[in-house]
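Visitor: Please take one sheet apart for me, strand by strand. Then carry on to what else the model offers.

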Number of protein chains: 2
Amino acid sequence: MLSETLSQGLANYRIGPKIRALRTGKSLGLTQLGSHTGLSAGMLSKIETGQVVPTLPTLMRIALVFGVGLEHFFEESEEPLLEVIRAKTRIRLPNTTETMPSFFFESLDFPVNDRPLEAYLAEFLPRTSSTEPHDHPGVELIYVITGEIEITIHDETHKLGARDSMYFESQYPHSYKCSGDDKATAIVVAAKGDE
Amino acid sequence: MLSETLSQGLANYRIGPKIRALRTGKSLGLTQLGSHTGLSAGMLSKIETGQVVPTLPTLMRIALVFGVGLEHFFEESEEPLLEVIRAKTRIRLPNTTETMPSFFFESLDFPVNDRPLEAYLAEFLPRTSSTEPHDHPGVELIYVITGEIEITIHDETHKLGARDSMYFESQYPHSYKCSGDDKATAIVVAAKGDE
DNA sequence: GATGCATTTGTCATGGTATGAAAATATTGT
DNA sequence: ACAATATTTTCATACCATGACAAATGCATC
C-alpha cells in the first residue's frame with residue numbers, strides 16, 4: 001500500500017520518458033547516449049522504460065549530457081498531463097444486472113468537468129507526414145478504432161493501436177501521424193477549456 | 001575530472017542539508033524521522049551529512065513525510081545563496097614579487113559589485129541567546145577573529161570558528177549566536193543591495 | 001561525575017544497478 | 001520483397017553502494 005504510493009509517486013515524475021524525450025529530441029541512439037554517459041545501452045533502455053530507477057549519480061551523468069539540471073526530471077505537472085489507456089489494460093466494468101450481459105462499459109479516463117464538448121470522426125491516411133502541431137485550451141480524448149496513430153506532444157511520441165485511447169491537455173502543441181500501412185480511424189472528443 | 005564535476009554537481013544540490021533543515025524545522029530527531037520513513041537513524045545521518053547518496057525511492061520516502069515533492073531537493077539557487085570558507089581550505093595567493101614575502105593575501109569570496117559597503121567589528125557574548133532574526137537587501141560577509149559563532153539562515157545553522165569566513169544573501173532572515181565558551185569577535189561587512 | 005538522549009561512525013549483507021552479449025525489433029536501401 | 005543495418009530489448013551475471021544494526025561519540029541536564 002505504502003510501497004504503491006511510493007513507486008507510484010516516483011513513476012509520476014516519468015523520469016524515463018523525459019530522458020527519452022531529451023534523447024530523441026537530439027536524435028541520439030541509446031548507444032550514442034551510452035558513449036557520452038558511460039552507461040550501457042541496455043541500462044539506458046531499462047531506465048527509459050521505467051524498469052529500473054537510476055541512481056542519482058547516474059541521473060546526473062545523463063543530465064550533464066543534455067545540459068539540464070536534475071530538477072528537470074522532477075518538476076511535477078500539477079494534474080497529469082496526459083494518460084494513455086491501452087486496450088489490454090482497460091478495465092471492463094462488471095455488469096451485475098443481467099446474467100447474460102448484453103452490453104459492457106469500459107471507462108475512458110477523461111477529465112472533463114462542465115466543459116463543452118465537440119466530437120469528430122478522424123481519418124489519417126498512411127504514408128503522409130504529421131499534421132501541423134497545434135494547440136488550444138482544453139482537453140482532448142482520442143479513441144483509435146482502426147490502424148495506428150502516433151501522437152506527439154511535449155517531445156514525446158505515443159503510438160496508439162486499435163482500441164487504445166488517450167487524453168491530453170491540448171494547450172500544448174500536439175500533432176498526429178498515421179504510422180501504420182493502412183488508413184487509421186479514430187474518434188476525437190475535444191473539451192474546450194477557458195484557461 | 002569528470003567525476004569531480006559529477007559528484008560536485010550532486011553536492012551542489014545539498015540534498016542532505018535540505019533534509020536536515022526540513023527535519024529540524026519540525027524538531028524531529030533522526031530516530032523519529034526514521035520511524036516515519038522506515039529508515040535507520042544511522043542511515044539518515046549519513047544521508048544528511050552527505051556521506052552517502054540516497055536512492056530515489058529512499059528520497060521519495062523522506063519527501064512524502066514532509067509533504068514536499070522531489071523537486072524540492074533539486075531546485076537550484078541561481079547564484080549560490082551563501083558560501084562558507086574554512087580557514088583550512090582558503091587559498092593563500094602566491095606572492096611572486098618578493099623572494100622573502102612580507103605579506104599574504106587570501107581571497108574571501110564576496111560578490112559585491114558597486115554596492116556601498118559598511119563594516120563593523122562585532123562582539124558576541126557567550127551564554128546568550130541568538131540575535132533576533134533580521135533581513136535587509138544585500139550581501140553580508142563575516143570573518144571570525146576569535147571564538148565560535150553560529151549563523152542561522154534558511155533553517156540551516158553554520159558554525160564558524162576562528163579565521164573562518166562566510167557570505168550570504170542578507171535578504172533572508174538570519175541570526176547570530178555565540179556558540180563557544182568565550183567571547184567571539186568578528187568583522188562584519190555589509191553590502192547594501194537595492195533589490 | 002553520572003545519566004539519558006541524539007547523533008555519528010564502523011562493519012556487514014543484501015538488493016538493485018550496471019555490464020556485456022545475444023535475441024528481437026525496427027529501419028533503411030537495393 | 002529481401003537483405004543489410006541500426007536500434008532496442010532481454011537475459012544472466014557481477015559488483016558495488018546503500019541501508020540495517022550495533023557500538024561509540026557527543027551533548028546536554030541533573
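**Sheets, helices and a chain contact**

Guide: Start at one rung: Ile151(A) has Tyr176(A) as its bridge partner in E9(A). Before going on, note that the model is predicted: local features need pLDDT of at least 70, side-chain atom pairs count only at pLDDT 80 or more, and totals for chains, interfaces and linings use all residues. Residues are numbered from 1 along each chain as its sequence is written, while chains are lettered from A and ligands numbered from 1 in the order in which they are written.

The rung belongs to a strand pair. Strand E6 of chain A, residues 149-153, pairs with E9(A) in the antiparallel sense over five bridges. Strands pair here if DSSP finds at least two bridges between them. Helices (H or I, at least four residues) and strands (E, at least two) are DSSP runs, numbered from the N terminus.

Now widen the view. The open sheet in chain A has three strands, ordered E7-E6-E9, with antiparallel pairing. Strands E7 (156-160) and E9 (174-178) of chain A are at the edges; each has a single partner strand, so one side of each lacks a neighbour in the sheet. On average, neighbouring strands of this sheet are turned by 20° against each other, direction ignored. Axes are lines fitted to C-alpha atoms, for helices over the stretch in contact, and angles run from 0 to 180 degrees between N-to-C directions.

Chain B offers another sheet. Five strands form an open sheet in the order E1-E8-E5-E10-E4 (chain B), and the pairing is antiparallel. Its edges are strand E1 (82-85) and strand E4 (117-124) of chain B; with a single partner strand each, one side of each is left without a neighbour in the sheet. The average turn between neighbouring strands of this sheet is 15°, direction ignored.

Look at E8(B). How many of its residues are buried? Five of the five residues of E8(B) are buried, so the strand is largely enclosed by the rest of the structure. Buried means 20 or more other C-beta atoms within 10 Å of the residue's own; exposed means 12 or fewer, partly exposed lies in between, and C-beta atoms are placed from the backbone. Both faces of E8(B) are covered, with Ser165(B), Tyr167(B) and Glu169(B) on one side and Met166(B) and Phe168(B) on the other.

E8(B) has partners to name. Four antiparallel bridges link E1(B) to strand E8 (residues 165-169) of chain B. Leu82(B) stands opposite Phe168(B), and Ile85(B) has Ser165(B) as its bridge partner. Strand E5 of chain B, residues 138-146, runs antiparallel to E8(B) and is joined to it by five bridges. There, Ile142(B) stands opposite Met166(B).

Turn to the helices of chain A. Helix H4 (residues 41-48) of chain A has Leu44(A), Ile47(A) and Glu48(A) buried. Down the axis of H4(A), these buried residues fall within an arc of 95°, so they line one face of the helix. The arc is that of the directions from the helix axis to the C-beta atoms. Helix H2 (15-25) and helix H3 (30-37) of chain A are among what covers them. Contact means C-beta atoms, placed from the backbone, within 7 Å. After H4(A) comes Gly50(A), with a positive phi near 80°.

H3(A) also meets H5(A). Their axes come within 9 Å and cross at roughly 105°. That makes H3(A) roughly perpendicular to H5(A). Angles of 65 to 115 degrees count as roughly perpendicular, under 35 as roughly parallel, over 145 as roughly antiparallel, and the rest as oblique. Leu33(A), His36(A) and Thr37(A) of H3(A) make the contact with Arg61(A), Ile62(A) and Val65(A) of H5(A). The residues divide into three nonpolar, two polar and one charged. Ala, Val, Leu, Ile, Met, Phe, Trp, Tyr, Cys and Pro count as nonpolar, Asp, Glu, Lys and Arg as charged, and the others, Gly among them, as polar.

Last, the chain contact. 17 residues of chain A touch 18 residues of chain B. Helix H1 (2-12) and helix H5 (56-66) of chain A each supply at least two residues to the chain A side. H5(A) gives the most, five residues. The chain A side comprises ten nonpolar, three polar and four charged residues.

Note on methods
Two residues are in contact if their C-beta atoms, placed from the backbone, lie within 7 Å.
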